[in-house]
Amino acid sequence: MKQTNELSVIHLQQIETPIGALVICASEKGICLVEFADIQDLEREYQRICKAKQARIVEGSSDLIEQLKGELDAYFKGELKAFTVPLDLIGTEFQQTVWQGLCAIPYGQTKSYKEQAEFLQLPKSIRAVANANGQNRIALVIPCHRIIGTDRSLTGYRGGIWRKKFLLELENKAYNKTEQLSLALE
């Protein structure tokens, strides 16, 4: 039995991807952080996780991190359309609802902030939904990069617009390739 003053462990590993280094953190329950290593305030994110999970961060891998690494590899090859790694979300009930809505956006497709708010049946809460999107700290896996402006412009991505563009182009290319293949088989 764990003593009350004993902290649980969050494993942390940094990996290289085609869009730069990612930092991954995993608790015993699931992935709790996937963030770009070059963002500002990464140290604050570590502190937030430690506080929320009453844990300490230890560098090293875990089964969940290894699973995510394999899924990310397949994703960047255009072979993975949906992540299956368990998540351990840190956020309010509203934020988690918004993030689940992000996961419902199909691979290779986008929604505007307005469309996302309407999908969540919160049509008057566009700003609150957009704010919750911005609080997503599990990049790629929770696909906030699929949210675009009402005018179809690329807006608001913590990792940088260039990364958002790369991810959308990657998904669009793989999505269209799959569509072309299915049409050829008919």
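**Exercise 1. Find the residue in β2 that is the bridge partner of Ile15, then place the pair in its sheet.**

*Solution.* Start with the partner: Ile15 is bridged to Leu22 of β2. Keep in mind that this is a predicted model.

Next, step back to the strands. β1 (residues 8–17) and β2 (residues 20–26) run antiparallel and are joined by seven bridges.

Now widen the view to the sheet. It is open, with four strands in the order β3-β2-β1-β4 and mixed pairing. The edge positions belong to β3 and β4 (55–59); each has a single partner strand, so one side of each lacks a neighbour in the sheet. On average, and ignoring direction, neighbouring strands are turned by 25° against each other.

**Exercise 2. Work out which strands helix α1 and helix α2 touch as they pack on this sheet.**

*Solution.* Take helix α1 (residues 42–53) to begin with: it touches β1, β2, β3 and β4, and its direction makes about 175° with that of β3.

Then turn to α2, which touches β1, β2 and β3. The direction of α2 makes about 25° with that of β1.

**Exercise 3. Identify the residues with the most contacts inside the largest nonpolar core, and the helix that gives the most to it.**

*Solution.* The core has 51 residues, and the most contacts inside it belong to Ile31, Leu68, Leu72, Tyr75 and Leu140. Helix α2 (residues 63–76) gives the most, with seven residues.

Now follow one of these residues outward. Setting aside neighbours within four places in sequence, Leu72 is in contact with Ile15, Leu22, Ile24, Phe83 and Leu140. The bridge partners from the opening exercise, Ile15 and Leu22, are thus among the contacts of Leu72.

As general background, nonpolar side chains in soluble globular proteins tend to be buried together.

**Exercise 4. Classify the ring pairs Phe36–Tyr157 and Tyr75–Phe76 by their geometry.**

*Solution.* The whole structure holds five aromatic pairs. For Phe36 and Tyr157, the ring centres are 6.1 Å apart and the planes stand at 75°, so this pair is edge-to-face. The cut-off to apply is that planes over 60 degrees apart count as edge-to-face.

Where do the two rings sit? Phe36 is in strand β3 (residues 31–36) and Tyr157 in the loop between β6 (147–148) and α6 (161–185), so this pair, 121 residues apart, links distant parts of the chain. Both Phe36 and Tyr157 are buried.

Repeat the reasoning for Tyr75 and Phe76: with centres 5.3 Å apart and planes at 75°, the pair is edge-to-face because of that angle. Tyr75 and Phe76 are both buried.

Finally, look around this pair: Tyr75, Phe76, Phe83, Tyr107 and Phe166 make up one aromatic cluster.

Note on methods
Residues numbered from 1 in each chain as written. Predicted model: local features only at pLDDT ≥ 70, side-chain atom pairs only at ≥ 80, totals over all residues. Heavy atoms only, no water. Phe/Tyr/Trp six-rings, centres within 6.5 Å; stacked < 30°, edge-to-face > 60°. Helix = DSSP H or I, 4+ residues; strand = E, 2+ residues; numbered from the N terminus. Buried < 20%, exposed > 50% of the residue type's maximum accessible area, 1.4 Å probe, protein only. Core = buried A, V, L, I, M, F, W, Y, C linked by side-chain atoms within 4.5 Å. Contact = heavy atoms within 4.5 Å. Pairing = 2+ DSSP bridges. Axes fitted to C-alpha atoms, helices over the stretch in contact; angles between N-to-C directions.
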